[in-house]
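Biologist: I have a structure to learn, and I would like to go through it step by step. Can we take it as questions and answers?

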Amino acid sequence: MTFPDKQTAAVFHKHGGPENVKFEEVPVGEPGEDQVLVNIKYTGVCHTDLHALQGDWPLDVKLPLIGGHEGAGVVVKVGRGVSRLKIGDRVGVKWMNSSCGNCEYCMKGDETICPHIQLSGYTVDGTFQHYALANATHATLIPESVPLEVAAPVMCAGITVYRALKESGVKPGQWICIPGAGGGLGHLAVQYAKAMAMRVVAIDTGDDKKELVANFHGDVFVDFKTDDVVEVVKEKTGGGAHGTLVLSTSPKSYEQAASFARPGSTMVTVAMPAGAKLGADIFWLTVKQLKVCGSHVGSRLDSVEALDYVARGLVKPYYKVQPFSTLPDVYNLMHEGKIAGRIVLDLSK
Ligand code: 8ID
């Protein structure tokens, strides 16, 4: 398979706003041991990419950086020692680019907390380029029946919420509450939750997000701008949600989640608003016996399972496809909270 030596990538050299993203000519990488070179066809834009650009998390970002970690494409070259993948395979390139495989966490299948983890579009260059390097063990094979543009948002948003829903411990028929339900992660969480027979209270704002949630059969929509969130959630769920997935980028959602939680329930922290602290009242946390559980993306098996829901038609990412060159505009819209579902970039445009 032929490919060029050079390509265009969206690079930032310093943290800040979308004006810092430059489209530059960069060399196409050479796959090392256990790596593959993937011709990225589509990539989603996740709020994490905006955090990386702004540099607002307490974890160093590689600079200069090519962001992006919701890539879907085709393997064009395999490095030494790769037997699992071959040229022509359709694969996803994810946030978890690689883990060491040998630490105590990797050994027991908790690869998402491997201390040597490498993150696409954060500690290593990601998918906002035509040719990205991926670890052959971690790249996810995409089923033939799932188009690459559909698979792209699943590669972070889908996997993350699928795993987080399992962590919530919510059972069929019980209430899961989803602040941020109209966003990239949120709209998929509503669908995975419904596919798992949970009842969904979706929290977000505006008619487009309300409609999106209704399309996916969310049971209740609470508008955080016009409703009394805590009271409405308690009332609709008959005493509080059995579990909460915080997917909203507002720290306020964490305070509210602790207040509307049903006694004995689990709050899963997924969104990471810059500088946010858990402002929950320790008294209520204790006497309601609440559990707080962090959830970081998903394992390789979670990735396969999350894609399988899509292949079986149980989950349908809602996205708008835009040219690669519009990435800075996407960041602006995301900052303003104006994206319902996901925006997927077409690298050929
Ligand atoms: O592994 C992980 N833990 C992981 C994986 C992927 C993404 C964590 N994340 C993090 C991102 O870094 C980000 O902090 O999850 C968060 C959400 O990512 P996203 O879904 O990509 O963001 P989005 O599409 O912008 O959606 C955020 C939604 O929150 C709503 C917005 O309207 C938007 O729809 N929202 C806001 I802002 N304030 C809200 C509030 N007070 C709110 N929804 C409910 N209540």
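Modeller: Start with Ile176, and keep in mind that this is a predicted model. Ile176 touches residues far along the chain from it, including Leu165, Val170, Met198, Val201 and Leu245.

Biologist: Which residues have the most contacts inside the largest nonpolar core?

Modeller: That core has 93 residues. In soluble globular proteins, nonpolar side chains tend to be buried together. The residues with the most contacts inside the core are Phe128, Ile176 and Tyr192.

Biologist: Which helix gives the most to this core?

Modeller: The helix in question spans residues 148-168. It contributes 13 residues. It is α3.

Biologist: Where does this core lie with respect to domain 1 and domain 2?

Modeller: Domain 1 covers 6-156 + 298-346, and domain 2 covers 159-294. Both give residues to the core. So the core lies between them.

Biologist: How many residues are in the other core, which lies apart from it?

Modeller: Val201, Val220, Val222 and Ala257 are among its members. The number of residues is 17.

Biologist: Which are the edge strands of the open sheet of six strands?

Modeller: The order in this sheet is β13-β12-β11-β14-β15-β16, with parallel pairing. An edge strand pairs on one side only. That fits β13 (220-223) and β16 (291-294).

Biologist: What is the bridge partner of Cys177 in β12?

Modeller: Strand β11 (residues 175-179) and strand β12 (residues 199-204) run parallel, joined by five bridges. In β12, Cys177 is matched with Val201.

Biologist: At about what angle does α3 run to β15?

Modeller: Helix α3 lies across β11, β14, β15 and β16. Its angle to β15 is about 155°.

Biologist: Is Ser295 buried or exposed?

Modeller: Ser295 sits in the loop between β16 and α9. Its contacts include Arg163, Ala164 and Val268. The cut-off for buried is under 20% relative accessible area. Ser295 has 10%, so it counts as buried.

Biologist: Why is one side of β2 and of β4 left without a neighbour in the sheet of three strands?

Modeller: The order there is β2-β1-β4, with antiparallel pairing. β2 (21-27) and β4 (65-66) stand at the edges. One side of each is free because each has a single partner strand.

Biologist: Which helix packs on that sheet?

Modeller: This helix touches β1 and β2. Its direction makes about 140° with that of β2. It is α10 (residues 327-335).

Biologist: Are α1 and α10 roughly parallel or roughly perpendicular to each other?

Modeller: Their axes come within 10 Å and cross at roughly 100°. In α1, Leu50 and Leu53 are among the residues at the meeting place, and in α10 so is Tyr331. Angles of 65 to 115 degrees count as roughly perpendicular. The two helices are therefore roughly perpendicular.

Biologist: How many residues of strand β3 are buried?

Modeller: Strand β3 covers residues 35-44 and is mostly covered. Of its ten residues, the buried number is eight.

Biologist: What is the bridge partner of Thr43 in β18?

Modeller: β3 pairs in the antiparallel sense with β5 over eight bridges. In β5, Thr43 is matched with Gly71. β3 also pairs with β18 (residues 342-346), over three bridges. In β18, the partner of Thr43 is Leu345.

Note on methods:
Residues numbered from 1 in each chain as written. Predicted model: local features only at pLDDT ≥ 70, side-chain atom pairs only at ≥ 80, totals over all residues. Heavy atoms only, no water. Pairing = 2+ DSSP bridges. Helix = DSSP H or I, 4+ residues; strand = E, 2+ residues; numbered from the N terminus. Contact = heavy atoms within 4.5 Å. Axes fitted to C-alpha atoms, helices over the stretch in contact; angles between N-to-C directions. Core = buried A, V, L, I, M, F, W, Y, C linked by side-chain atoms within 4.5 Å. Buried < 20%, exposed > 50% of the residue type's maximum accessible area, 1.4 Å probe, protein only. Domains from an automatic or database assignment. Parallel < 35°, antiparallel > 145°, perpendicular 65-115°, else oblique. Lists of a residue's contacts leave out its neighbours within four places in sequence.
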